[in-house]
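Here is a short tour of one protein chain, from its overall build to one pair of packed helices. Have the viewer at hand as you read.

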Amino acid sequence: MNKVDVAIIGGGPAGLSAGLMLGRARKQTIIIDEGRPRNAVTREAHGFLTRDGISPSEFRSIAKDQLRGYPSVSHAEGTVVSISGEDGNFLLETATGMKIASKKLLFAVGMKDRKLGIPGLDEVYGKSAFVCPYCDGWELRDQPLVVISRGAALMHFAPLLSGWTKQFIICTNGPDELSESERNELRDHQIPLFNQPIRAILSSEGMVNHVVLEDGTEIPCTGIFFKPELVAGTDLPQVLGCSISDTGVIAVNEFGKSSVHGVYAAGDASSLMHQSIAAAASGALAAAAINGELNQEAWQNKQ
(Lines give C-alpha, C1' and ligand atoms only; values in the text may rest on other atoms or scores of the structure.)
Protein backbone atom coordinates (compact mmCIF):
# COMPACT_ATOMS: atom_id res chain seq x y z
CA MET A 1 0.00 0.00 0.00
CA ASN A 2 1.39 3.38 -1.07
CA LYS A 3 0.59 6.16 1.42
CA VAL A 4 0.79 9.76 0.25
CA ASP A 5 -0.43 13.22 1.13
CA VAL A 6 -1.78 13.91 -2.36
CA ALA A 7 -2.75 11.69 -5.28
CA ILE A 8 -2.83 13.51 -8.62
CA ILE A 9 -4.84 11.71 -11.27
CA GLY A 10 -3.55 12.85 -14.66
CA GLY A 11 -0.05 13.78 -15.79
CA GLY A 12 -0.55 16.62 -18.24
CA PRO A 13 0.46 20.25 -17.68
CA ALA A 14 -2.01 20.66 -14.80
CA GLY A 15 -0.95 17.50 -12.98
CA LEU A 16 2.76 18.01 -13.53
CA SER A 17 2.61 21.65 -12.45
CA ALA A 18 0.75 20.63 -9.31
CA GLY A 19 3.36 17.95 -8.68
CA LEU A 20 6.13 20.52 -8.88
CA MET A 21 4.42 22.85 -6.41
CA LEU A 22 3.69 20.01 -3.98
CA GLY A 23 7.20 18.61 -4.33
CA ARG A 24 8.66 21.97 -3.41
CA ALA A 25 6.27 22.04 -0.44
CA ARG A 26 7.69 18.67 0.71
CA LYS A 27 4.43 16.78 0.37
CA GLN A 28 4.39 13.07 -0.45
CA THR A 29 2.76 13.11 -3.88
CA ILE A 30 2.03 10.55 -6.54
CA ILE A 31 1.09 11.40 -10.13
CA ILE A 32 -0.92 8.61 -11.75
CA ASP A 33 -1.15 8.88 -15.52
CA GLU A 34 -2.33 6.49 -18.24
CA GLY A 35 0.03 8.01 -20.82
CA ARG A 36 -2.60 8.89 -23.43
CA PRO A 37 -2.75 12.70 -23.50
CA ARG A 38 -5.31 14.40 -25.72
CA ASN A 39 -2.67 16.66 -27.27
CA ALA A 40 -0.54 13.68 -28.36
CA VAL A 41 -1.94 14.19 -31.88
CA THR A 42 -0.28 17.60 -32.16
CA ARG A 43 3.27 18.21 -33.32
CA GLU A 44 3.69 21.44 -31.37
CA ALA A 45 2.15 23.15 -28.36
CA HIS A 46 1.91 26.93 -28.49
CA GLY A 47 1.28 29.87 -26.21
CA PHE A 48 3.38 28.60 -23.27
CA LEU A 49 5.97 31.27 -22.48
CA THR A 50 9.55 29.91 -22.87
CA ARG A 51 8.16 26.71 -24.41
CA ASP A 52 6.32 28.04 -27.48
CA GLY A 53 6.39 25.42 -30.25
CA ILE A 54 7.58 22.55 -28.07
CA SER A 55 6.21 19.07 -28.78
CA PRO A 56 3.85 17.74 -26.09
CA SER A 57 6.08 14.71 -25.54
CA GLU A 58 9.17 16.86 -24.99
CA PHE A 59 7.23 19.12 -22.63
CA ARG A 60 6.32 16.13 -20.48
CA SER A 61 9.85 14.77 -20.60
CA ILE A 62 11.34 18.06 -19.37
CA ALA A 63 8.72 18.34 -16.64
CA LYS A 64 9.37 14.81 -15.40
CA ASP A 65 13.12 15.43 -15.39
CA GLN A 66 12.62 18.51 -13.22
CA LEU A 67 10.30 16.64 -10.85
CA ARG A 68 12.99 14.02 -10.25
CA GLY A 69 14.78 16.65 -8.18
CA TYR A 70 12.01 16.37 -5.57
CA PRO A 71 12.18 13.00 -3.79
CA SER A 72 8.68 13.29 -2.33
CA VAL A 73 7.12 13.14 -5.84
CA SER A 74 6.66 9.82 -7.62
CA HIS A 75 4.99 8.68 -10.84
CA ALA A 76 2.85 5.65 -11.60
CA GLU A 77 1.67 4.63 -15.04
CA GLY A 78 -1.88 3.34 -14.99
CA THR A 79 -5.57 4.11 -14.84
CA VAL A 80 -7.40 4.70 -11.57
CA VAL A 81 -10.55 2.56 -11.66
CA SER A 82 -11.97 3.10 -8.18
CA ILE A 83 -11.84 5.59 -5.32
CA SER A 84 -13.47 5.26 -1.92
CA GLY A 85 -13.20 6.97 1.44
CA GLU A 86 -13.33 10.58 2.45
CA ASP A 87 -11.20 13.64 3.13
CA GLY A 88 -8.00 12.57 4.86
CA ASN A 89 -8.49 8.91 4.02
CA PHE A 90 -9.09 8.19 0.34
CA LEU A 91 -8.29 4.77 -1.11
CA LEU A 92 -7.47 4.49 -4.83
CA GLU A 93 -6.99 1.40 -6.92
CA THR A 94 -5.58 1.19 -10.44
CA ALA A 95 -6.42 -1.23 -13.22
CA THR A 96 -3.30 -3.23 -12.36
CA GLY A 97 -4.31 -3.60 -8.71
CA MET A 98 -2.03 -0.94 -7.20
CA LYS A 99 -3.58 0.52 -4.03
CA ILE A 100 -2.87 4.05 -2.83
CA ALA A 101 -3.99 5.73 0.39
CA SER A 102 -4.12 9.51 0.08
CA LYS A 103 -5.23 12.41 2.25
CA LYS A 104 -6.20 14.64 -0.69
CA LEU A 105 -7.11 14.15 -4.34
CA LEU A 106 -6.46 16.30 -7.39
CA PHE A 107 -8.21 15.42 -10.64
CA ALA A 108 -6.16 16.63 -13.61
CA VAL A 109 -7.51 14.07 -16.09
CA GLY A 110 -8.62 16.54 -18.75
CA MET A 111 -11.06 15.59 -21.49
CA LYS A 112 -11.12 13.08 -24.34
CA ASP A 113 -12.25 13.50 -27.94
CA ARG A 114 -15.32 11.65 -29.16
CA LYS A 115 -15.10 10.54 -32.78
CA LEU A 116 -17.04 12.84 -35.10
CA GLY A 117 -17.40 10.23 -37.84
CA ILE A 118 -15.98 12.47 -40.57
CA PRO A 119 -13.86 10.38 -42.97
CA GLY A 120 -10.33 11.76 -43.20
CA LEU A 121 -10.45 13.89 -40.04
CA ASP A 122 -8.20 11.59 -38.02
CA GLU A 123 -5.48 11.85 -40.68
CA VAL A 124 -5.28 15.65 -40.39
CA TYR A 125 -6.10 16.23 -36.71
CA GLY A 126 -3.13 17.89 -35.05
CA LYS A 127 -1.33 18.42 -38.36
CA SER A 128 -3.58 20.74 -40.36
CA ALA A 129 -6.89 20.46 -38.47
CA PHE A 130 -7.16 22.04 -35.04
CA VAL A 131 -9.67 23.15 -32.43
CA CYS A 132 -8.13 26.29 -30.88
CA PRO A 133 -6.99 29.39 -32.82
CA TYR A 134 -5.03 30.63 -29.80
CA CYS A 135 -2.97 27.45 -30.05
CA ASP A 136 -2.67 27.16 -33.85
CA GLY A 137 -4.19 30.23 -35.51
CA TRP A 138 -0.83 31.94 -36.01
CA GLU A 139 0.44 29.09 -38.18
CA LEU A 140 -2.70 29.32 -40.37
CA ARG A 141 -2.92 33.11 -40.52
CA ASP A 142 -4.32 34.60 -43.76
CA GLN A 143 -4.84 31.12 -45.23
CA PRO A 144 -8.03 29.66 -46.77
CA LEU A 145 -9.64 27.56 -44.06
CA VAL A 146 -12.74 25.47 -43.45
CA VAL A 147 -14.59 25.78 -40.14
CA ILE A 148 -16.64 22.76 -39.08
CA SER A 149 -19.12 23.92 -36.48
CA ARG A 150 -22.75 24.95 -36.05
CA GLY A 151 -25.20 26.86 -33.89
CA ALA A 152 -24.16 29.07 -30.97
CA ALA A 153 -20.63 27.67 -30.95
CA LEU A 154 -20.20 28.72 -34.59
CA MET A 155 -21.43 32.25 -33.97
CA HIS A 156 -18.91 32.61 -31.17
CA PHE A 157 -16.08 31.09 -33.19
CA ALA A 158 -16.52 32.93 -36.51
CA PRO A 159 -15.78 36.44 -35.15
CA LEU A 160 -12.91 35.02 -33.09
CA LEU A 161 -11.23 33.33 -36.05
CA SER A 162 -11.57 36.48 -38.17
CA GLY A 163 -8.64 37.93 -36.21
CA TRP A 164 -6.36 35.37 -37.86
CA THR A 165 -7.88 35.08 -41.31
CA LYS A 166 -10.84 36.43 -43.27
CA GLN A 167 -10.60 33.56 -45.76
CA PHE A 168 -12.77 30.87 -44.27
CA ILE A 169 -15.77 28.83 -45.30
CA ILE A 170 -18.20 27.22 -42.88
CA CYS A 171 -19.32 23.61 -43.20
CA THR A 172 -21.92 22.64 -40.60
CA ASN A 173 -21.98 18.95 -41.60
CA GLY A 174 -25.77 18.91 -41.31
CA PRO A 175 -28.42 21.42 -40.14
CA ASP A 176 -26.73 24.70 -39.26
CA GLU A 177 -28.89 25.37 -36.15
CA LEU A 178 -28.79 29.10 -36.93
CA SER A 179 -31.47 31.76 -36.94
CA GLU A 180 -32.11 33.74 -40.09
CA SER A 181 -30.52 36.80 -38.51
CA GLU A 182 -27.37 34.77 -37.81
CA ARG A 183 -27.25 33.55 -41.41
CA ASN A 184 -27.60 37.15 -42.54
CA GLU A 185 -24.74 38.13 -40.25
CA LEU A 186 -22.49 35.60 -41.96
CA ARG A 187 -23.63 36.84 -45.39
CA ASP A 188 -22.84 40.43 -44.37
CA HIS A 189 -19.27 39.28 -43.66
CA GLN A 190 -19.17 37.38 -46.98
CA ILE A 191 -18.63 34.03 -45.29
CA PRO A 192 -19.97 31.10 -47.35
CA LEU A 193 -22.10 28.59 -45.45
CA PHE A 194 -22.65 24.94 -46.48
CA ASN A 195 -24.90 22.64 -44.49
CA GLN A 196 -24.55 19.45 -46.51
CA PRO A 197 -22.97 16.47 -44.73
CA ILE A 198 -19.22 16.11 -45.24
CA ARG A 199 -18.33 13.09 -47.35
CA ALA A 200 -14.58 13.21 -46.78
CA ILE A 201 -11.54 15.32 -45.96
CA LEU A 202 -8.80 14.85 -48.54
CA SER A 203 -5.19 15.28 -47.52
CA SER A 204 -1.60 14.36 -48.23
CA GLU A 205 0.74 13.41 -45.37
CA GLY A 206 -1.59 15.04 -42.89
CA MET A 207 -2.00 18.29 -44.80
CA VAL A 208 -5.59 18.94 -45.88
CA ASN A 209 -6.26 20.11 -49.44
CA HIS A 210 -10.02 19.66 -49.92
CA VAL A 211 -13.22 19.13 -47.96
CA VAL A 212 -15.71 17.15 -50.05
CA LEU A 213 -19.42 17.48 -49.34
CA GLU A 214 -22.09 14.83 -49.88
CA ASP A 215 -23.32 16.51 -53.08
CA GLY A 216 -19.80 16.37 -54.55
CA THR A 217 -18.85 19.98 -53.87
CA GLU A 218 -15.11 20.27 -53.26
CA ILE A 219 -13.87 23.08 -51.08
CA PRO A 220 -10.13 23.77 -51.33
CA CYS A 221 -8.38 24.75 -48.10
CA THR A 222 -5.03 24.54 -46.34
CA GLY A 223 -6.38 24.12 -42.83
CA ILE A 224 -9.40 23.27 -40.73
CA PHE A 225 -10.76 24.37 -37.39
CA PHE A 226 -13.51 22.21 -35.94
CA LYS A 227 -15.59 22.03 -32.81
CA PRO A 228 -14.72 18.82 -30.96
CA GLU A 229 -17.13 16.69 -28.99
CA LEU A 230 -15.54 16.07 -25.62
CA VAL A 231 -16.19 13.63 -22.80
CA ALA A 232 -14.72 13.65 -19.31
CA GLY A 233 -11.51 11.70 -18.85
CA THR A 234 -13.10 9.77 -15.97
CA ASP A 235 -16.44 9.53 -14.17
CA LEU A 236 -14.79 9.07 -10.75
CA PRO A 237 -15.52 12.67 -9.62
CA GLN A 238 -19.24 12.02 -10.06
CA VAL A 239 -18.91 8.71 -8.19
CA LEU A 240 -17.39 10.65 -5.28
CA GLY A 241 -20.26 13.13 -5.41
CA CYS A 242 -18.49 16.12 -7.00
CA SER A 243 -20.83 18.66 -8.56
CA ILE A 244 -20.58 18.92 -12.33
CA SER A 245 -21.22 22.21 -14.10
CA ASP A 246 -23.67 22.70 -16.97
CA THR A 247 -20.70 22.61 -19.35
CA GLY A 248 -19.71 19.12 -18.17
CA VAL A 249 -16.59 20.00 -16.17
CA ILE A 250 -16.01 19.57 -12.44
CA ALA A 251 -17.41 22.58 -10.58
CA VAL A 252 -14.68 24.20 -8.49
CA ASN A 253 -14.03 27.47 -6.68
CA GLU A 254 -11.24 29.87 -7.56
CA PHE A 255 -8.70 27.60 -5.84
CA GLY A 256 -9.75 24.41 -7.63
CA LYS A 257 -11.71 23.02 -4.66
CA SER A 258 -14.69 20.85 -5.59
CA SER A 259 -17.93 20.36 -3.67
CA VAL A 260 -16.43 17.30 -1.92
CA HIS A 261 -14.02 18.00 0.95
CA GLY A 262 -10.46 17.01 0.10
CA VAL A 263 -11.10 16.77 -3.64
CA TYR A 264 -9.70 19.31 -6.09
CA ALA A 265 -9.59 19.62 -9.88
CA ALA A 266 -7.39 21.53 -12.33
CA GLY A 267 -6.82 21.94 -16.04
CA ASP A 268 -9.34 20.82 -18.65
CA ALA A 269 -11.12 18.72 -16.01
CA SER A 270 -12.50 21.93 -14.51
CA SER A 271 -12.17 24.57 -17.23
CA LEU A 272 -13.16 25.34 -20.81
CA MET A 273 -9.86 27.18 -21.36
CA HIS A 274 -8.09 24.28 -23.07
CA GLN A 275 -4.54 25.65 -23.20
CA SER A 276 -1.41 24.18 -21.66
CA ILE A 277 -0.38 27.37 -19.92
CA ALA A 278 -3.82 27.84 -18.38
CA ALA A 279 -3.86 24.21 -17.23
CA ALA A 280 -0.41 24.53 -15.66
CA ALA A 281 -1.44 27.71 -13.85
CA SER A 282 -4.59 26.11 -12.43
CA GLY A 283 -2.58 23.07 -11.35
CA ALA A 284 -0.15 25.27 -9.42
CA LEU A 285 -3.00 27.19 -7.79
CA ALA A 286 -4.84 24.03 -6.74
CA ALA A 287 -1.61 22.53 -5.37
CA ALA A 288 -0.98 25.64 -3.27
CA ALA A 289 -4.52 25.41 -1.88
CA ILE A 290 -4.08 21.70 -1.09
CA ASN A 291 -0.74 22.35 0.63
CA GLY A 292 -2.25 25.15 2.70
CA GLU A 293 -5.08 22.86 3.77
CA LEU A 294 -2.69 20.05 4.73
CA ASN A 295 -0.46 22.41 6.70
CA GLN A 296 -3.41 23.94 8.52
CA GLU A 297 -4.72 20.49 9.46
CA ALA A 298 -1.29 19.42 10.74
CA TRP A 299 -1.01 22.67 12.72
CA GLN A 300 -4.39 22.16 14.37
CA ASN A 301 -3.66 18.52 15.21
CA LYS A 302 -0.55 19.54 17.20
CA GLN A 303 -2.47 21.87 19.48
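## The chain and a helix pair

The chain holds eight helices and 17 strands; these are DSSP runs numbered from the N terminus, H or I of at least four residues for helices and E of at least two for strands. This is a predicted model, where local features need pLDDT of at least 70 and side-chain atom pairs count only at pLDDT 80 or more, while totals for chains, interfaces and linings use all residues. Residues are numbered from 1 along each chain as its sequence is written, and side-chain values use heavy atoms, leaving out hydrogens and water.

Some whole-chain values come next.

| Property | Value |
|---|---|
| C-alpha span along the principal axes | about 70 × 35 × 35 Å |
| Share of the 303 residues that count as buried (under 20% relative accessible area, 1.4 Å probe, protein chains only) | 45% |
| Exposed area of the chain (Shrake-Rupley, 1.4 Å probe) | about 15200 Å² |
| Share of the exposed area from carbon and sulfur atoms | 52% |

Now for the helix pair. Helix 1 (residues 13-24) packs with helix 2 (residues 56-67) at an angle of about 15 degrees, and their axes, lines fitted to C-alpha atoms over the stretch in contact, are 10 Å apart. The two helices are therefore roughly parallel to each other (an angle under 35 degrees).

Which residues in helix 1 meet helix 2? Pro13, Leu16, Gly19 and Leu20 do, and in helix 2 they meet Phe59, Arg60, Ala63, Lys64 and Leu67, with contact meaning heavy atoms within 4.5 Å. By class, the contact of helix 1 with helix 2 has six nonpolar, one polar and two charged residues; Ala, Leu, Phe and Pro are among those that count as nonpolar, Lys and Arg among the charged, and Gly among the polar.

Technical notes
Axes fitted to C-alpha atoms, helices over the stretch in contact; angles between N-to-C directions. Parallel < 35°, antiparallel > 145°, perpendicular 65-115°, else oblique. Buried < 20%, exposed > 50% of the residue type's maximum accessible area, 1.4 Å probe, protein only.
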